[in-house]
Amino acid sequence: MLRKAAFDKRKISYPLKWLCCLLVLAAVLQTMASAAPGIPLKDKFKSQVVQPADDISGISVKPNYAQIKEEYSKLNRLPAKGSEVILTAEDLSARSHVPEIKSGIGGNEDPALVWDNQEDWFEWSFSIADEGLYEIHVEYYPLPGTGLVIQRGLLIDDDSAFQEAYNMLFFRSWVDDGEPRKNSKGDDVRPRQAEVPYWRTLAFHDSKGLYPEPLQFYLEKGQHTLRLIYIDQPMAITRIILKPPEELPAYVEVKAEYMQKGFLNAGHGITFQAESNVAEKNDPILRRENDEDPMTQPQFKGNRVLNYMGGWRWRKGTQSITWEFEVPEDGLYKIGMRVMQDWGDGLSSYRKIAIDGKVPFKELLEYPFVYDRNWYVTALKDETGEPFLFYLTKGTHRLTMTVQTGPLTEIVNSLNDDIYMLSRKIRQIIMITGDNPDIHYDYNLPNHIPGLLDDFTLLAERMQQKMDILERVSRRRPSMYNNFKMIKNQLEEMVDDPFTIPKRLQDLNNALTSLSSWYLVLQDQPLMVDYFHVSPYDEKWPDGKSTLLQRIKATWFNLINSFYKDYDNVAGFYNEEVIDEEDVITVWISRGMEWGEILKEIADEDFTPKTGKHIKMNILPPSQLEAGAVNALMLAITSGKAPDVALGVGANSPVEFAIRNAVADLTQFENYEEVEKRFVPGGIIPYRYQGGVYALPETMDFRAIFYRTDIFEEIGLTVPNTWEELYQYTLPVLYQNGLEFFYPPEPSPFLFQKGGSYYNEDGTRSGLDTPEAYQAFKEFTELYTQYGVPVVANTFNRLRTGEMPLTVGNYALYVQLSVAAPELTGRWTIAPIPGTLKEDGTIDRTAGGIASQACMIMESSEKKDAAWQFLDWWTSEAVQSRYGNELEAVIGMEARWNTANLKAFQQLPWKKNDLEVIMEQLSYGRDMPVVLGGYFTNRHLVNAWIRIILGETPVRDSLEKAVKDINTELKSRQEEYGLKADD
């Protein structure tokens, strides 16, 4: 019985065991599925992703002003007929801080609201008696700041009516600080820019020059609020005026008025130079330029002459230049100018033209200057070629030209919508097919993506509309016409045969890239101006074109002159022929000519008088000062003709030169330790080698989170402080809304925050064979395998369209967003990168990527002490701050000098919040050391990362292979240079 009972018990237990095993197996499989590299987190939320037919992100997008104007027209909303409403500084109804009201600012005794960067917003309440459309004018005074344009956001009744209201610009006024000087070569040197502040009244316009007239706001009868929100730069405000728009007359009406009043033609005219008669400009980068055409005045004769105004720098919407001139008598004048516009591939450039601060008639709101590869003289004229007449009284007058996009605005707005729609459709397709779809499989996309073919048809129709506009306004078919035609054909083919859409995914991506590029290109409206004519109607002007013989003569002269002139040497203001060679420090710099000229000018004015040492500076291409290839510096070292100092050297090169005993150890100089304190401690690491330091940082980079504040606010998301917050909260919310996050493949934050390092203490072996390194690399790669972060992305475009409202970026992305995405002003900001929560409750945000460019002294120099004096001077706070500000004033925000001197860095025109974030992140900076044979480390790590994300190799195996390869290379180089290599 016992045996039978035991047997029966075993019979009963077998099914239970199998059931338990199955349950355990199911649990294991479920766990593996949740952690499998091929199943990213975002796929778990596919069923939850909000996918409206028109906008899969679920994020609302404000209409642009053109759409609002169209709505005004449909609803018959007309300009108000009542009187203007005036709001004074003392009429504030609400504010974020206690306001400072002060009189006497800029000579104005009216009470003014002093608004610096401590106050976030101010609000006024007002009543409207007559409903209708109103313009908003502000009487303001630019207070001292960093020199950037003043920016404010606008809310009416707690809402921004359209996209353009996010960013209202208040311009400063700039002039040349004196006339150009001649350097030792006889070339003109541009004068510095000086701000001239004064009280002015400005109507709200869009920030990109898309619309020539002031923005109009519809206000119903009753009570309203107007709120201005601080974005950048201080200002003072006395009054805000809401006034009905004034309709400009057409030229025929103005001309009829002239005839009615009996105005007569003037008897005499004048000609004045564009470059020397500038009264003011609203951007300091607008400046005199040099042209070698033999008919340009004053004429170029071998040496640089600043002989025209504008050019490529005068291309951005709302940039304006004002010229002052004096006419000898009352009368009717025609106005002409010698211009050249050879950009745009056949498209015209457009300007709004005002006389004495007012546009006289409609035709000058968006006046076209036609494309021509040669200079030409043109009168301001109507479509038939009849010159416009202007009545001018005797005396001084002002002519202002402001950059506009003209009829191309319709294409620009359409492209913005197309980019948004196409990027959404591509994302919808990828969510079904993946990045590499099977071209033989029928995904049946029209059934899975409602409205796909209708949207493609709409996009194709929009391409045709753009082509029609281009044919209407262009003198010839530009290349973008053919591009639009190709995209149109591709979309129509996909609509006809939807099965081909997955295999033509690259065509869609290429189309998106092209449209994004044209969106920026069309907003560039450059124009060169040589001189102006203000003349009687019947006066004849020369055509301004140089003849073939004149051009041949000028070219021959320049060719002969090129054999005698050193174009690489940056000239100064001292006579180099009488300078003792012992007092000359030779400096090679791998930056543009303008960068070198500004440095040379500052050195001549400051360094030379203080030290008695002169700087001989030569400009070289960047690749010519790097280690690892045959270039000018390497050849100069081997031939014994190296410079004393090299500037703009890549961060990885100084130690490579030090290994070869080609650069000097800077720790030998007496005050080195004091100089080193100017920089981020972790930024010195790439320049240390065997106890020495072989370069000083010149510029530095930074890492930060970039995010769209408007989108984050709309979906109720906050910026992640830690990686865990990113994984557990931020990514799920983004994926549920059809949005993405991007992290550029770079493992250093994970490695450093886990306590790991790239090498052992003496740099002879890889430090990636530790448990900390494994955990760091595992977490890093899981971003792509587990959490679905894209491997590559155009972060600028996708942040701009809103599909990727969160990304980790650097200095380059910061500048790109600031310069090329003015429509996002006030809608994006930065934050420190996610960190690791420590046991003591602090967050470790340590990351690499600080070092950018460096300066070093060559070992062969016989003037090391003088060279060190120069580096000490060059990296000082005062010089770096001055250099950065002058560089940005000359070239613009795109040349923001990311100096490595921390105190000077804080004096550059950063936004307050952005500077705080950057400084906090820099405090965690720690760069990767440069060691003998370490140049392959990054390559092996990238290979390891690729093997993992492709699913070829597990994390541990792939990292171990990378460590083995790195150690092999390190050992090989150590043996080559006679250093002891550990086994």
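1. In which helix is Trp556 found? In this predicted model, Trp556 belongs to helix H10, which covers residues 548-562. With a relative accessibility of 55%, Trp556 counts as exposed, because the cut-off for that class is over 50%.

2. Trp556 also takes part in a nonpolar patch on the surface, together with Leu559, Ile560, Phe563 and Tyr564. Taken together, these residues have about 650 Å² of accessible area.

3. The charged pairs deserve a paragraph of their own. Side chains of opposite charge can pair when their charged atoms come close. In this structure there are 61 salt bridges, and one of them joins Glu594 to Arg287, with 2.0 Å between the closest N and O atoms. Glu594 is part of helix H11 (residues 593-611), whereas Arg287 sits in the loop between strand S18 (278-281) and strand S19 (288-290), so this pair ties together parts of the structure that are 307 residues apart in sequence. Are Glu594 and Arg287 buried or exposed? Both residues are buried.

4. Helix H11 provides a partner for another salt bridge, in which the side chains of Arg304 and Glu597 meet at 2.8 Å, N to O. Here Glu597 is the residue in helix H11, while Arg304 lies in the loop between S19 and strand S20 (306-311), so the pair ties together parts that are 293 residues apart in sequence. Arg304 has a relative accessibility of 16% and counts as buried, because the cut-off for that class is under 20%.

5. A salt bridge within a single helix is found in H26 (residues 955-976), where Arg973 and Glu976 are three residues apart and are therefore separated by about one helical turn. Their side chains meet at 2.8 Å, N to O. Arg973 has a relative accessible area of 21% and is partly exposed.

6. Some salt bridges share partners, and in this way Arg181, Arg192, Glu601, Glu605, Arg882 and Glu886 are joined into one network.

7. A last point concerns Thr764, which is found in the loop between helix H17 (748-753) and helix H18 (771-785). Although it is in a loop, Thr764 is buried, its relative accessible area being 16%. Which side chain does the side chain of Thr764 join in a polar contact of 2.8 Å? The partner is the side chain of Asp762.

Notes: Residues are numbered from 1 along each chain as its sequence is written. This is a predicted model: local features need pLDDT of at least 70, side-chain atom pairs count only at pLDDT 80 or more; totals for chains, interfaces and linings use all residues. Side-chain values use heavy atoms; hydrogens and water are left out. Patches are made of residues with over 30% relative accessible area and no salt bridge: like charges are joined within 9 Å, nonpolar side chains (Val, Leu, Ile, Met, Phe, Trp, Tyr) within 5 Å. Accessible areas come from the Shrake-Rupley method with a 1.4 Å probe; for residues, only the protein chains shown count as cover. A salt bridge is a side-chain nitrogen of Lys or Arg within 4 Å of a carboxyl oxygen of Asp or Glu. Helices (H or I, at least four residues) and strands (E, at least two) are DSSP runs, numbered from the N terminus. Buried means under 20% relative accessible area, exposed over 50%, partly exposed in between (1.4 Å probe, protein chains only). A polar contact is a pair of N or O atoms within 3.5 Å; within protein, one must be able to donate a hydrogen and the other to accept it, and residues adjacent in sequence count only if both atoms are side-chain atoms.
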